[in-house]
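Colleague: I am new to this structure and would like a close look at a single part, the surface that the protein turns towards the DNA. Please take me through it slowly.

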There are 2 protein chains.
Amino acid sequence: MGHTDTKTRILDAAEKLFARQGFDATSLRMLTREAEVNLASVNYHFGSKEELIKAVIARRILPLNAIRIERLQKIKNIARAEDCPPDIREILLAFLEPTFAFRKSARGAQDFISLIGRAFSDPRDTVRKVFMKMVEPVFQPLFELLCEALPSLPRNVVYLRLNFMLGAMAHSMNISQMCQLIPDGLSFKVDSNTLVEQFVVFVENGMEAPYE
Amino acid sequence: MGHTDTKTRILDAAEKLFARQGFDATSLRMLTREAEVNLASVNYHFGSKEELIKAVIARRILPLNAIRIERLQKIKNIARAEDCPPDIREILLAFLEPTFAFRKSARGAQDFISLIGRAFSDPRDTVRKVFMKMVEPVFQPLFELLCEALPSLPRNVVYLRLNFMLGAMAHSMNISQMCQLIPDGLSFKVDSNTLVEQFVVFVENGMEAPYE
DNA sequence: GTTCGATTTAAACAACTGTTTTAAATGTGT
DNA sequence: ACACATTTAAAACAGTTGTTTAAATCGAAC
């Protein structure tokens with residue numbers, strides 16, 4: 001292999017194109033041209049386009065989830081030790097910060113994050129199911145911790161609010177590079193830091209809203 | 001024409017299939033088979049598949065926006081007359097209620113709503129641009145009203161929070177019929193009414209959060 | 001009843017899709 | 001240096017895509 005591993009070249013190109021054009025709109029021919037590899041190598045290394053999609057998602061999300069789970073577990077342990085409900089903001093940050101940190105780290109990271117936002121609402125069962133399966137192990141402790149932090153709320157309300165957050169998050173991931181709804185010709189340059197800060201503030205207050 | 005207009009039969013079938021399978025995954029052959037019309041009739045009546053997509057969106061969103069704009073205008077007039085900032089919850093309801101009301105009205109309405117949620121994050125420039133253009137006339141007064149209702153917040157913060165809301169909304173539209181992240185095998189039956197109520201509570205509190 | 005435009009039909013179009021095949025090239029361990 | 005498995009390469013595969021064509025059918029006005 002002259003430069004980079006063929007497998008990772010494919011993954012990188014796929015990540016980029018899938019994120020910017022979508023899964024269906026990206027043909028294996030564009031993809032292999034972008035990666036400068038042979039057309040057949042996708043099927044050779046990954047078996048099929050669909051398996052490639054899974055691989056693209058798995059490569060990034062698994063280590064990311066490991067970090068999130070670890071942080072959530074730490075919060076849970078402290079709450080158990082001190083025998084007091086965990087802090088909401090800490091829970092949110094445990095989930096959000098790794099995402100945004102990762103987003104700024106690797107080169108293709110930004111592409112991947114917006115890809116995640118898309119997979120979240122993908123119409124194809126296969127893609128969404130795979131994605132869901134990967135997210136579940138972090139969703140579950142996140143949900144349980146939130147329930148502990150918000151003991152006055154029914155579980156199904158916490159569940160709804162958690163989904164609101166995930167939706168807002170998925171959308172926010174695309175804001176920066178997305179064709180936006182620009183009010184009055186005034187386009188706001190979205191700074192990544194203020195985005196995170198404001199997101200946490202918004203969600204925290206939404207989460208803590210009294211149950212009417 | 002024996003039963004319904006060919007054009008609307010195509011629109012109905014397209015609305016249904018686009019929402020459930022996505023734009024790309026729905027071929028014109030499935031579509032025309034579902035609509036029980038001839039394959040060529042799509043190109044005859046709409047020119048192309050892409051124009052059909054636009055038509056599907058426009059048919060529902062234009063009247064919906066008219067209602068929302070009217071309600072927003074009414075709020076604005078009252079606020080002007082009484083010389084006091086408008087109420088946030090009223091603003092939110094002016095935007096949300098027509099959506100959910102419509103969702104329960106027509107038969108294909110539910111499909112359309114989830115289709116909207118998808119168009120909102122569609123990777124293709126064409127689809128998203130068209131959708132954005134249709135949403136803009138309601139986004140603008142909504143944004144301005146929110147700024148008036150939240151005078152202590154910088155405009156770009158209001159802008160961000162509004163986007164959070166739209167993201168949460170787009171996602172929530174798919175919750176009911178979506179393959180969900182089911183925590184602990186406990187699947188919550190999502191009641192449409194509590195969904196709306198909780199959504200308003202969540203967003204209202206998020207919007208009103210103090211600017212840190 | 002005939003004529004004319006609008007609509008529908010079936011068939012064919014070229015382009016592209018993901019995948020497979022076959023052969024050559026490359027690298028690895030002995 | 002040889003033999004062997006892995007990887008790359010080019011070409012062809014069968015199937016599907018959106019779109020177009022050209023003939024058939026329909027519906028109303030005259």
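Modeller: What follows is a walk along the surface near each DNA strand in turn.

This is a predicted model, in which local features need pLDDT of at least 70 and side-chain atom pairs count only at pLDDT 80 or more, while totals for chains, interfaces and linings use all residues. Residues are numbered from 1 along each chain as its sequence is written, chains are lettered from A and ligands numbered from 1 in the order in which they are written, and side-chain values use heavy atoms, with hydrogens and water left out.

Beginning with DNA strand C, 15 residues surround it, and the closest are Leu28(A), Arg29(A) and Lys49(A) from one chain with Thr6(B) and His45(B) from the other; a residue is near a strand if one of its heavy atoms lies within 4 Å of it. Of the atoms of DNA strand C within 4 Å of the protein, sugar or phosphate accounts for 47%, and the rest belong to bases. Several polar contacts (pairs of N or O atoms within 3.5 Å) reach the phosphates of this strand. The side chain of Thr6(B) places a polar atom 2.4 Å from a phosphate oxygen of DNA strand C, an N or O atom in the side chain of Tyr44(B) is 3.1 Å from a phosphate oxygen, and for the side chain of Ser27(A) the distance is 3.2 Å. The elements giving two or more residues to this surface are helix H2 (28-35) of chain A and helix H3 (41-46) of chain B, where helices are DSSP runs (H or I, at least four residues) numbered from the N terminus. The residues near DNA strand C divide into five nonpolar, seven polar and three charged; Ala, Val, Leu, Ile, Met, Phe, Trp, Tyr, Cys and Pro count as nonpolar, Asp, Glu, Lys and Arg as charged, and the others, Gly among them, as polar.

Turning to DNA strand D, there are 15 residues around it, of which Thr6(A), His45(A), Leu28(B), Arg29(B) and Lys49(B) come nearest. Here 48% of the strand's atoms within 4 Å of the protein belong to sugar or phosphate, and the rest to bases. A polar side-chain atom of His45(A) lies 2.8 Å from a phosphate oxygen of DNA strand D, and one of Tyr44(A) lies 3.0 Å from a phosphate oxygen, whereas Leu28(B) uses a polar backbone atom, 2.9 Å from a phosphate oxygen. Helix H3 (41-46) of chain A and helix H2 (28-35) of chain B are the elements that give two or more residues to this surface.

Notes: A polar contact is a pair of N or O atoms within 3.5 Å; within protein, one must be able to donate a hydrogen and the other to accept it, and residues adjacent in sequence count only if both atoms are side-chain atoms.
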